Amino acid sequence: MTYSKVQMESNYHEFIVDLGIYSLKLSDQGELKSPMAAAIAALREGFYKIADLFAHNGFDEDSQESFEKHWMAFINHTAFGPPRDSIDKLFCLAKDGFVKFIFSEEPSISISGNSLKIKNSYIEKEFNYFIDARIPKGNLKLKNNLLFERMQKKRVCTRNCKWQI
C-alpha cells in the first residue's frame, strides 16, 4: 500500500484506522471506478471458478488440504468479508477509541485466572472479556456447535433458531 498518512511503526492503531477508512471510501466508488474493489471482485469471481472446478472435477486429497489450509480462509475473508454495515460500525468504534488495534504481529493467548492474557514481542495485555465475532457454523438440530448449545441452554435461542426476546 502506497497510501499512508500514519506510519505503521509509529502508531499501529491509527495506521489501521486511517488505512481502513481510506479503503472504505475507495470501496464506495464501486468495482468500475475503484481498483481495490475491482481486485476484490476479481478474487471473488476466481473463487467461484475454483468452486466450479471442485464441484465438477474435485481435488485430490493433498490439493484439497493445501487449498483449505493456505488459501480458502484468506480468499473468503477478502472476497466476501463481513457485511459493509458491520465494517462501518467497527471503524466508527475504532476511530472513537472504543476498539483498539494494538497487535501488529500474531500474539500468544493464555488464560490467566478469569481473564485472557494476550502477548507478543512488544506488548502484553490482560482482558476480562472476549468477544468471538466469527459467524458460527453449526446446526442446532445436529448439536455440532458449542456456542449454539450454550445459547440454547440459556434459552437465548431455540432449536429452530428463533431468537428469544
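Which residue forms a salt bridge with Lys 119? In this predicted model, the partner of Lys 119 is Glu 124, and their closest N and O atoms are 3.9 Å apart. A search of the whole structure finds 3 salt bridges. Side chains of opposite charge can pair when their charged atoms come close.

**The network around Glu 124**

- Glu 124 also forms a salt bridge with Lys 117, with a separation of 3.7 Å between the closest N and O atoms.
- Lys 119 is partly exposed, its relative accessible area being 41%.
- Through salt bridges that share partners, Lys 117, Lys 119 and Glu 124 are joined into one network.
- Glu 124 is partly exposed, with a relative accessible area of 42%.
- Lys 117 is likewise partly exposed, and its relative accessible area is 24%.

**The pair Glu 31 and Arg 44**

- A salt bridge links Glu 31 to Arg 44, and the closest N and O atoms of this pair are 2.8 Å apart.
- Glu 31 lies in the loop between α1 (12-28) and α2 (35-57), whereas Arg 44 lies in helix α2, so the salt bridge ties together parts that are 13 residues apart in sequence.
- The relative accessible area of Glu 31 is 44%, and this residue is therefore classed as partly exposed, a class that runs between the buried limit of under 20% and the exposed limit of over 50%.

Definitions and conventions:
Residues numbered from 1 in each chain as written. Predicted model: local features only at pLDDT ≥ 70, side-chain atom pairs only at ≥ 80, totals over all residues. Heavy atoms only, no water. Salt bridge = Lys/Arg side-chain N within 4 Å of Asp/Glu carboxyl O. Helix = DSSP H or I, 4+ residues; strand = E, 2+ residues; numbered from the N terminus. Buried < 20%, exposed > 50% of the residue type's maximum accessible area, 1.4 Å probe, protein only.
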